[in-house]
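The following exercises are to be worked with the sequence and the coordinates at hand. Each task is followed by a solution in steps.

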Amino acid sequence: MLLRFAICVGLVLSPGVQAEPIVIRFSHVVAPDTPKGKAAEYFRARAEALTEGRVRVEVYPNSTLYKDREELEALQLGAVEMLAPSLAKFAPLGLREFEVFDLPYIFDGYEALRRVTTGPVGRELLGRLEARGIRGLAFWDNGFKSFSANTPIHGPDDLHGLRMRIQSSRVLEEQMLALGALPQVMGFSDVYDALRHGVVDGTENPHSNLYTQRMHEVQGHLILTGHGYLGYAVITNKRFWDALPRDIRRQLERAMDEATAFANRIAQEENEQALAAVRAAGHTVVYEPDARTLAAFKQALLPVHQRMEERIGADLIRAIYRATGFDPSRM
């Protein structure tokens with residue numbers, strides 16, 4: 001009996017016997033060749049390399065595992081370990097403050113944005129996820145959005161009466177209403193068919209989403225407003241994360257730091273390339289607004305900030321103003 005126990009222990013401790021790798025299922029809803037898709041693959045490669053195979057990351061793009069409305073519940077239930085949802089997705093969990101990122105023209109470019117996502121405001125927002133069983137790991141950029149439609153857009157009045165697809169966000173609803181448009185909430189994976197069949201007239205997207213989802217094939221007009229930001233929070237199931245061996249967790253944090261630097265470095269480049277590809281495809285007329293047109297869009301949309309103070313929190317909005325130097329009175 002003693003000999004049999006010693007043999008069993010020897011097998012368990014033998015260096016030749018490898019434990020099964022820890023599997024991380026990373027689900028997202030966009031194409032593999034978008035900034036988020038590429039960053040997820042980058043994280044996979046670095047996580048597996050840094051942990052020397054003790055972790056295996058399985059990436060599921062294009063809603064192949066879970067769709068928009070399913071993925072957060074799946075994460076909380078432990079059916080998937082990692083997501084990178086757009087920031088507006090947290091409002092249905094009672095975290096409406098994440099909709100602050102949807103406010104039109106609140107970020108004047110990537111430098112201003114980074115003062116929030118890598119600063120105290122960003123860290124505090126990610127910390128609020130823990131009460132929902134979620135650990136926030138990082139913010140990843142997609143980019144700044146432009147309006148597209150199946151009719152010409154030369155200014156804000158041209159969106160009046162159009163059925164415009166948005167993701168679920170009270171701020172984005174208010175944004176479209178401020179333009180006289182009709183907001184239509186719709187899952188990302190359904191947008192192309194809805195545009196193709198005329199269920200909606202237009203939408204808003206960073207150019208990489210517009211191109212990789214082939215929306216430009218069914219949208220004849222695009223105006224480069226840069227009116228809003230689309231970004232993601234990379235999140236994991238808190239119970240899963242806290243149960244990881246400490247050394248594994250440290251290596252995954254390092255992999256995430258590297259993937260975040262990669263994601264945010266390529267986001268602007270990918271969107272520039274996508275816009276060039278949209279132009280080259282020839283399906284879409286691209287309008288570059290002059291200063292007067294941009295001022296008209298800002299004048300129409302900046303009142304949304306004040307209207308959303310009660311929902312998002314006036315103190316949070318002011319904290320972002322201070323961090324970025326944004327002054328609505330100068331717009």
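**Exercise 1. Determine whether Thr203 is buried or exposed, and identify the backbone oxygen that its side chain reaches.**

*Solution.* In this predicted model, the residue is first assigned to its element: Thr203 belongs to strand 8. The next step is its accessibility. Thr203 has a relative accessible area of 0%, and buried means under 20%, so Thr203 is buried. Finally, the polar contact is located: the Thr203 side chain comes to 3.4 Å from the backbone oxygen of Arg165.

**Exercise 2. Establish whether the faces of strand 8 are covered, and describe its pairing with strand 5.**

*Solution.* Strand 8 spans residues 202-205. On one side lie Gly202 and Glu204, on the other Thr203 and Asn205, and all are buried. Both faces of the strand are therefore covered, given the cut-off of under 20% for a buried residue. For the pairing, strand 5 comprises residues 146-149 and runs antiparallel to strand 8, with four bridges joining the two. Within this pair, Ala149 is found opposite Gly202.

**Exercise 3. Analyse the salt bridge between Lys145 and Glu204: state its distance, the placement of the partners and their accessibility.**

*Solution.* The distance comes first: Lys145 and Glu204 form a salt bridge in which the closest N and O atoms are 2.9 Å apart. The pair connects distant parts of the chain, 59 residues apart: Lys145 sits in the loop between strand 4 (134-144) and strand 5, and Glu204 in strand 8. The last step is accessibility. Lys145 has a relative accessibility of 2% and counts as buried. Glu204, with a relative accessible area of 6%, is also buried.

**Exercise 4. Explain the sequence spacing of the salt bridges Arg115 to Glu111 and Glu258 to Arg254, and classify the four side chains.**

*Solution.* The general principle is that side chains of opposite charge can pair when their charged atoms come close. An α-helix has 3.6 residues a turn, so residues three or four places apart point the same way.

1. Arg115 and Glu111 meet through their side chains at 3.2 Å, N to O. Both lie in helix 4 (residues 110-117), and because they are four residues apart, about one helical turn separates them.
2. Arg115 is partly exposed at 38% relative accessibility, whereas Glu111 is exposed at 61%.
3. Glu258 and Arg254 form a salt bridge with closest N and O atoms 3.2 Å apart. These two residues of helix 10 (residues 246-281) are four apart, which means that about one helical turn lies between them.
4. Glu258 is partly exposed, with a relative accessible area of 22%, and Arg254 is partly exposed at 44% relative accessibility.

For context, the whole structure contains 25 salt bridges. Arg170, Glu173, Glu174 and Arg307 are linked in a network of them.

**Exercise 5. Characterise the largest cavity: its volume, its lining and the element that gives the most to that lining.**

*Solution.* The count comes to one cavity of 30 Å³ or more, and the largest cavity has a volume of about 190 Å³. Its lining holds 18 residues, of which Ser86, Arg165, Gln167, Phe188 and Leu230 are the closest to its centre. Two or more lining residues come from each of strand 6 (163-166), strand 8 and strand 10 (229-237). Strand 8 gives the most, three residues. By class, the lining has seven nonpolar, five polar and six charged residues.

**Exercise 6. Describe the lining of the largest pocket and of the second largest pocket.**

*Solution.* The largest pocket has a volume of about 530 Å³. It is lined by 26 residues, those closest to its centre being Phe107, Asp108, Gly109, Phe144 and Gly226. Helix 4, strand 4, helix 10 and helix 11 (291-301) each give two or more residues, and helix 10 gives the most, with three. The classes are 10 nonpolar, 10 polar and six charged residues.

The second largest pocket holds about 240 Å³ of space. Among its 14 lining residues, Asp68, Arg69, Lys89, Pro92 and Ser168 lie nearest its centre. Helix 3 (residues 68-77) supplies the largest share, four residues. Here the lining has six nonpolar, three polar and five charged residues.

Key: Residues are numbered from 1 along each chain as its sequence is written. This is a predicted model: local features need pLDDT of at least 70, side-chain atom pairs count only at pLDDT 80 or more; totals for chains, interfaces and linings use all residues. Side-chain values use heavy atoms; hydrogens and water are left out. Buried means under 20% relative accessible area, exposed over 50%, partly exposed in between (1.4 Å probe, protein chains only). Two strands pair if DSSP finds at least two bridges between them. On a 1 Å grid over the protein atoms alone, a cavity is a set of points where a 1.4 Å probe fits but cannot get out, and a pocket is an open set with protein on both sides within 12 Å along at least five of seven lines; lining residues have an atom within 4 Å of a point. Grid points are joined across faces, edges and corners, and a volume is the space filled by probe spheres set on the points. Ala, Val, Leu, Ile, Met, Phe, Trp, Tyr, Cys and Pro count as nonpolar, Asp, Glu, Lys and Arg as charged, and the others, Gly among them, as polar. A polar contact is a pair of N or O atoms within 3.5 Å; within protein, one must be able to donate a hydrogen and the other to accept it, and residues adjacent in sequence count only if both atoms are side-chain atoms.
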